[in-house]
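Reader: I should like to study this structure step by step, with the reasoning set out for each answer. May we begin once it is shown?

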Amino acid sequence: QKTQEISTEKIDENIATLQDVAFAHLHNHSQFSILQSTISTQDLVDAAVANDMPAVAITDSGNMMGAFHFVRAVNNYNSGLSEDEKDKSLKGIVGCEFFVCDNHLNKSQKDNGYQIVLLAKTKKGYHNLAKMSSIAYTEGFYYVPRIDREIIKKYKEDVIVLSGGIYGEVSSKILNIGEKQAEEALLWWKSEFGEDFYLEILRHNQEDENRINTVLIEFARKHE
């Protein structure tokens, strides 16, 4: 079943409905993602506050080096709120965009893997992300810090997964390999994480993203 065309009227209606719905960015790189972002952790928090977001995540590329500064900035903001302003508090979500390859111990050939976003649900989840990030550097580093599916299965407790952007496994396979293989990848992540696995939609009106999104929406409806 192909994605249904949505009328202009329906789009306008949807926009009006969503006007007052809270929105939070869950995939953000900071200055700790070298050559990918220049925003400081403080500026990231300030931007979330300025846009009335209830939460914001930090998901740097391959590392969690900005987590301390990010959490401190969130806590400093929240501690400055008066009792009457507690409804404006900000939830800081710590995550990481991991390089997930076939075998993180194999250094006989270059394999940067796919870029998958993992978010901590709890303190336990944060500890699991920290363990995976450490393993990526101490055991899996080859061009980039890497982990693999076996590491993820071992440390998946209290972790949420976003499928990632165009370099995520599902999206990349849609573009470069095939929809069947992309769907198989989706089903693996869904089997491991259940309701804690989310397909990520990026809309910058790029031709490749538009092609990916059409298929992702079909997958979402099929495997809801």
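Reader: Between which two elements does the loop holding Asp52 lie?

Author: The model discussed here is predicted. In it, Asp52 has a phi near 55 degrees, a positive value in a residue other than glycine. Asp52 counts as exposed because its relative accessibility is 66%, and exposed means over 50%. The loop that holds Asp52 lies between helix 2 and strand 1.

Reader: Is Leu35 buried or exposed?

Author: Leu35 is placed in the loop between helix 1 (8–18) and helix 2 (41–50). Its phi is near 65 degrees, a positive value in a residue other than glycine. The relative accessible area of Leu35 is 86%, and the cut-off for the upper class is over 50%. Leu35 is therefore exposed.

Reader: How many of the residues of strand 1 are buried?

Author: In a regular strand the side chains alternate between the two faces of the sheet, so each face can be examined in turn. On one side of strand 1, Ala55, Ala57, Thr59 and Ser61 are buried, and on the other side Val56, Ile58 and Asp60 are buried as well. Both faces are thus covered. For strand 1 (residues 55–61), the number buried is seven of seven.

Reader: Which residue of strand 2 is the bridge partner of Ala57?

Author: Strand 1 and strand 2 (residues 91–101) run parallel and are joined by seven bridges. Together with helix 3 (residues 67–79), these two strands make a right-handed β-α-β unit. Within strand 2, the bridge partner of Ala57 is Ile93.

Reader: Is Lys173 buried or exposed?

Author: Lys173 belongs to helix 6 (residues 169–176). Leaving out residues up to four places away in sequence, Lys173 touches Tyr114, Gly178, Gln181, Ala182 and Ala185. Its relative accessibility is 15%, and the cut-off for the lower class is under 20%. Lys173 therefore counts as buried.

Reader: What is the C-alpha to C-alpha distance between Ala182 and Val215?

Author: Ala182 lies in helix 7 (residues 179–193) and counts as buried, because its relative accessibility is 0%. Apart from neighbours within four places in sequence, Ala182 is in contact with Val170, Lys173, Ile174 and Phe219. Ala182 and Val215 are 33 residues apart in sequence, and their C-alpha to C-alpha distance is 9.6 Å.

Reader: Which helix gives the most residues to the lining of the largest cavity?

Author: Rolling a probe the size of a water molecule over the atoms shows where empty space is left. One cavity of 30 Å³ or more is counted, and the volume of the largest cavity is about 40 Å³. Its lining includes Gly164, Ser171, Glu209, Ile212, Asn213 and Leu216, and the lining divides into four nonpolar, four polar and two charged residues. With four residues, the helix that gives the most is helix 8 (residues 207–222).

Reader: What is the volume of the largest pocket?

Author: The largest pocket is lined by 24 residues, and those nearest its centre are His27, Glu200, Ile201, Leu202 and His204. By class, the lining of this pocket holds ten nonpolar, ten polar and four charged residues. The largest pocket has a volume of about 870 Å³.

Methods: Residues numbered from 1 in each chain as written. Predicted model: local features only at pLDDT ≥ 70, side-chain atom pairs only at ≥ 80, totals over all residues. Heavy atoms only, no water. 1 Å grid on protein atoms, 1.4 Å probe; cavity = no way out; pocket = protein on both sides within 12 Å on 5 of 7 lines; lining within 4 Å. Points joined across faces, edges and corners; volume = space filled by probe spheres on them. Nonpolar A, V, L, I, M, F, W, Y, C, P; charged D, E, K, R; others polar. Buried < 20%, exposed > 50% of the residue type's maximum accessible area, 1.4 Å probe, protein only. Pairing = 2+ DSSP bridges. Right-handed = clockwise from strand over helix to strand, strands pointing away. Contact = heavy atoms within 4.5 Å.
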